[in-house]
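Me: Hi, I have a structure open and could use some help reading it. Can we go through a few spots together?

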Amino acid sequence: MRKRNESVTVEHERAAAAAAVPGPLDKGCSLRRSLRLPSSAAAEGMKRPLGRRYGLWFRLRKLLLWLVGLYIAIPFLVKLCPAIQAKLVFLNFVRVPYFIDLKRPQDQGLNHTCNYYLQPEEDVTIGVWHTVPAALWKNARGKDQLWFEEALGSSHPVILYLHGNAGTRGGDHRVELYKVLSSLGYHVVTFDYRGWGDSIGSPSERGMTYDALHVFDWIKARSGDNPVYIWGHSLGTGVATNLVRRLCERETPPDALILESPFTNIREEARSHPFSVASTRYFPGFDWFFLDPITTSGIKFANDENVKYISCSLLILHAEDDPVVPFHLGKKLYNIAATSRSFRDYKVQFVPFHTDLGYRHKYIYRSPELPRILREFLGKSEHEHHH
């Protein structure tokens with residue numbers, strides 16, 4: 001009986017010990033319980049960052065697809081609508097600086113400048129600025145248009161300035177050049193082509209050239225025997241060579257042609273433009289998509305062809321660090337002109353400006369050498385400005 005009670009007691013103690021010490025299963029269960037995440041809050045917390053990441057990636061992918069589609073669509077849009085490419089060549093809708101009154105050149109520091117309006121064709125009106133030589137500054141104050149027109153016959157040479165695309169005749173770098181040329185004893189006559197500034201009409205290469213021809217004839221009718229020089233800058237070099245070629249063909253050439261930052265022709269310039277190089281230059285069929293529409297719009301500005309028919313002295317100015325019209329295009333144009341038979345009896349000169357000077361596309365007027373260059377090329381004026 002005692003033995004049986006002892007065995008029962010031992011079994012009871014074993015059972016108690018087993019209950020007191022957790023076994024492997026209990027350990028596993030305890031471990032699983034300790035790692036169990038809070039049910040609803042944890043699930044929501046993990047879903048939020050995953051959802052945000054997925055939503056961000058979805059938006060980025062959508063934006064990327066939209067940009068790729070746009071990149072592919074633009075060439076077809078330009079091809080189907082050549083007027084877009086024409087707008088990009090002219091940029092006449094870009095008016096910088098804004099909020100200036102072109103009727104008041106004195107607001108730009110041109111107190112010896114008069115604003116005119118001429119009418120080259122019916123329904124076309126162009127705004128013109130005439131800046132007299134600085135030596136006439138005091139006499140010019142308060143004078144009307146008639147006085148300024150008569151002043152063109154005052155034995156001072158005249159420069160007809162043809163500006164580039166974008167902006168107006170009141171552009172900052174253009175105004176600074178007028179001041180430099182005025183201080184050297186030149187009349188400066190400049191204007192906005194039809195469609196630019198406050199000039200009325202639709203822009204085209206033919207229209208721009210005709211406007212320049214009209215202003216040239218207007219000057220010659222008032223300047224007597226005074227020399228008349230034509231100065232073109234950037235896109236204005238295309239207008240200038242168009243004009244001078246026409247003047248030479250009718251045997252009334254100007255006394256000299258000055259080209260600042262010129263190109264060979266508009267196709268080569270468009271192909272070399274930084275925007276083309278950076279974005280679409282290597283797009284398959286680039287010429288067909290982007291350059292042919294320019295030609296289709298009747299835009300050529302073929303300086304390289306025009307110089308073969310020009311018979312007057314030619315001066316080319318170009319900065320080596322020009323980011324808009326690459327320097328090599330100006331040099332190439334000079335090489336074409338220098339070997340042309342039409343220039344065999346005339347002076348052809350190319351003046352480069354070193355990169356370190358930082359003149360880029362439109363700051364050659366800052367060069368302290370410019371007065372000497374013009375004096376040596378055009379001949380020293382009898383009426384230089386005296387300070």
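Reply: Sure, what follows is a short chat about a few places in this predicted model.

Me: Let's start with helix 15. Which of its residues are buried?

Reply: Helix 15 covers residues 370-378. Its buried residues are Leu370, Ile373, Leu374, Phe377 and Leu378.

Me: Where do they sit around the axis?

Reply: They are on the same side of helix 15, because they cover an arc of only 100° around the axis.

Me: And what do the buried residues pack against?

Reply: One helix and several strands are on the list. The helix is helix 7 (172-183). The strands are strand 5 (228-233), strand 6 (256-260), strand 7 (313-319) and strand 8 (348-353).

Me: What comes just after helix 15?

Reply: Gly379 does, and it takes a positive phi of about 95°.

Me: New topic. Where is Val244?

Reply: Val244 is in helix 9, which spans residues 235-249.

Me: Buried or exposed?

Reply: Val244 is buried, because its relative accessibility is 0%.

Me: Which residues does it touch, leaving out those up to four places away in sequence?

Reply: Val244 touches Ile230, Pro254, Leu257, Ile310 and Cys312. Take Leu257 as one case. It is 13 residues from Val244 along the chain, and their C-alpha atoms are separated by 7.8 Å.

Me: You mentioned Cys312. How many disulfides are there?

Reply: The count is zero.

Me: Why is Cys248 not bonded to Cys312?

Reply: The sulfur of Cys248 is 5.2 Å from that of Cys312, its closest cysteine sulfur, so the two are too far apart for a bond. The cut-off for a disulfide is 2.5 Å between the sulfur atoms.

Me: What about it from the other side, for Cys312?

Reply: Cys312 is in no disulfide either. Its nearest cysteine sulfur is that of Cys248, 5.2 Å away.

Me: Are those two cysteines buried or exposed?

Reply: Cys248 is buried, with a relative accessible area of 11%. Cys312 also counts as buried, at 1% relative accessibility. The cut-off for buried is under 20%.

Me: Last one. Where is Thr168?

Reply: Thr168 is in the loop between strand 3 (158-162) and helix 7. Helix 7 came up before, as a packing partner of the buried residues of helix 15.

Me: Is Thr168 buried or exposed, and what does it touch?

Reply: Thr168 is buried, because its relative accessible area is 1%. Leaving out residues up to four places away in sequence, Thr168 touches Arg95, Val96, Ile100, Leu102, His163, Arg174, Asp192 and Gly197.

Note on methods: Residues numbered from 1 in each chain as written. Predicted model: local features only at pLDDT ≥ 70, side-chain atom pairs only at ≥ 80, totals over all residues. Heavy atoms only, no water. Buried < 20%, exposed > 50% of the residue type's maximum accessible area, 1.4 Å probe, protein only. Helix = DSSP H or I, 4+ residues; strand = E, 2+ residues; numbered from the N terminus. Arc of directions from axis to C-beta. Contact = heavy atoms within 4.5 Å.
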